[in-house]
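Biologist: I have not seen this one before. Can we go through it piece by piece?

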Amino acid sequence: MNGCGACLGRGRSSAEAAAFLLGVPIPGRRPSTGTMKLKVNGESLELNGIVTVRDLLHSLKLQPGRVAVEVNLEVIPKDRYETTALHEGDEVEIVSFVGGG
Amino acid sequence: MRFTEEQIRRYSRHIILPEVGGKGQERLLASRALLIGAGGLGSPAAYYLAAAGIGTLGIVDFDDVDLSNLQRQILHRTDDVGRPKVESAREALQALNPDVRVIPYKEQLTSANILELLAEHDVVVDGSDNFPTRYLVNDACVIAGKPNVYGSVFRFEGQVTVFQPGQGPCYRCLYPEPPPPGLVPSCQEAGVLGVLPGVIGLVQAIETVKVLLKIGEPLIGRLLTFDALGLRFRELKLRRDPACPLCGEAPTITQLIDYEEFCAVGP
């Protein structure tokens, strides 16, 4: 899985790596443009290899079950983390479940 | 209602505020707030709401006072260890302000009793310590149309908002379902900085007074998060989710759910 920016390029077959470098979409995956600028909890982040919400959570080392995610004010249902693509400039808010009193 | 001489003195700093005034103070004295929990959040919230002259404070808490509570639950004293929290809360609040009628409910909040309790109160202050109760309170408030002044804490982090049915989102618009059992530790398991619920509980008290007086801009549709270590507040805009399973356009949750207590929730 191309989850974290640091391991981009690793774990791919050479065909996939070549396709990636040429910007050719890999079947079953959305094309990644490499670096993407996002605003996450108000902070500008430049991230590599982020395609979906799931990738972002993975690269931030957050467990999907423990957070709620908003992209441009829209709450993303958990079962759509893997299919929701992020785009340059998206504003993402991630809040943790906090239940104590 | 006519104020006594003593009341005019007690509430004078409210009465001289144009936004409150004699009318507002009368309204507060006639108001009924239901506190869910007399713990870390409920303690500071109840203390200030009593001081402010909220006429009726219902307090739901099933627990007895434990020594480990006293690091943050300021309604209770060392001598109260082992007593029901609602009893020590009542004593502390009435000693502070005899104008306030404190109604103790030493019971588990369930789908069987919550709507009845809500019917007798104007606003809910959720300071509970577990997810099953938070979802129950949220769902019941949406069904009953009561404002829910929500606060929660964990380690060094707090969250606070106002869920006002019909005017903004509900808890499920943000978190549609409870976290999987065991995934999110409780304060008992993970700890909480003792002063932190003071900050969050008092923001809840402020919002409760504003909701009752209908003044200012309550935290409706805004989740305020507080990071005690970085000493930062952040505000997250919340929108009502049309697909919300509870308050959305095609709700799938139409009755109250008693989720199972899935992690140890201590005193």
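Modeller: Start with K214(B), which sits in the loop between α10 (196–213) and β7 (222–227) of chain B. Helices (H or I, at least four residues) and strands (E, at least two) are DSSP runs, numbered from the N terminus. The model is predicted, so local features need pLDDT of at least 70 and side-chain atom pairs pLDDT 80 or more, while totals for chains, interfaces and linings use all residues. Residues are numbered from 1 along each chain as its sequence is written, chains are lettered from A and ligands numbered from 1 in the order written, and side-chain values use heavy atoms, without hydrogens and water.

Biologist: What is the phi of K214(B)?

Modeller: Positive, about 55 degrees, although K214(B) is not a glycine. Most residues other than glycine have a negative phi.

Biologist: Is K214(B) buried or exposed?

Modeller: K214(B) counts as exposed because its relative accessibility is 68%. The cut-offs are under 20% relative accessible area for buried, over 50% for exposed and partly exposed in between (1.4 Å probe, protein chains only).

Biologist: And what about L73(A), where does that lie?

Modeller: In the loop between β3 and β4 of chain A. L73(A) is another residue other than glycine with a positive phi, near 75 degrees. With a relative accessible area of 34%, L73(A) is partly exposed.

Biologist: Switching to the contact between the chains. How many residues does each chain give?

Modeller: Chain A gives 19 residues and chain B gives 36 residues, where contact means heavy atoms within 4.5 Å. The two chains bury about 2100 Å² between them, with 59% of it on carbon and sulfur atoms. Buried area is the accessible area (1.4 Å probe) that two parts lose on being put together, summed over both.

Biologist: Which residues of chain A lose the most area?

Modeller: F97(A), V98(A) and G101(A), together 35% of what that side buries.

Biologist: How many salt bridges cross the interface?

Modeller: The rule finds 2, a salt bridge being a side-chain nitrogen of Lys or Arg within 4 Å of a carboxyl oxygen of Asp or Glu. In one salt bridge, R234(B) meets E93(A) at 2.6 Å, N to O.

Biologist: Which strands of chain A supply the touching side?

Modeller: β3 (67–71), β4 (74–75) and β5 (91–96) each supply at least two residues. β5(A) gives the most, with 3 residues.

Biologist: Now the rings. How many aromatic pairs are there?

Modeller: The count is 9 over all chains. Rings of Phe, Tyr and Trp (its six-membered ring) pair if their centres lie within 6.5 Å; planes under 30 degrees apart count as stacked, over 60 as edge-to-face and the rest as tilted. F97(A) and Y175(B) form a stacked pair, 4.1 Å centre to centre with 20 degrees between the planes. That pair crosses between chains, from the segment after β5 of chain A to the loop between α8 (171–174) and α9 (187–190) of chain B.

Biologist: Why do those two count as buried?

Modeller: F97(A) counts as buried because its relative accessibility is 3%, and Y175(B) because its relative accessible area is 2%. Both belong to a cluster linked by ring pairs, with F131(B) and Y135(B) among the other members.

Biologist: Last topic, helix α4 of chain B. How many of its residues are buried?

Modeller: In α4 (residues 42–51), 8 of 10, so the helix is mostly covered. Among the buried ones are P44(B), Y47(B) and L49(B). The buried residues pack against β1 (32–36), β2 (56–60), α5 (85–96), β4 (123–126) and α10 of chain B. Just after α4(B), G53(B) takes a positive phi of about 85 degrees.
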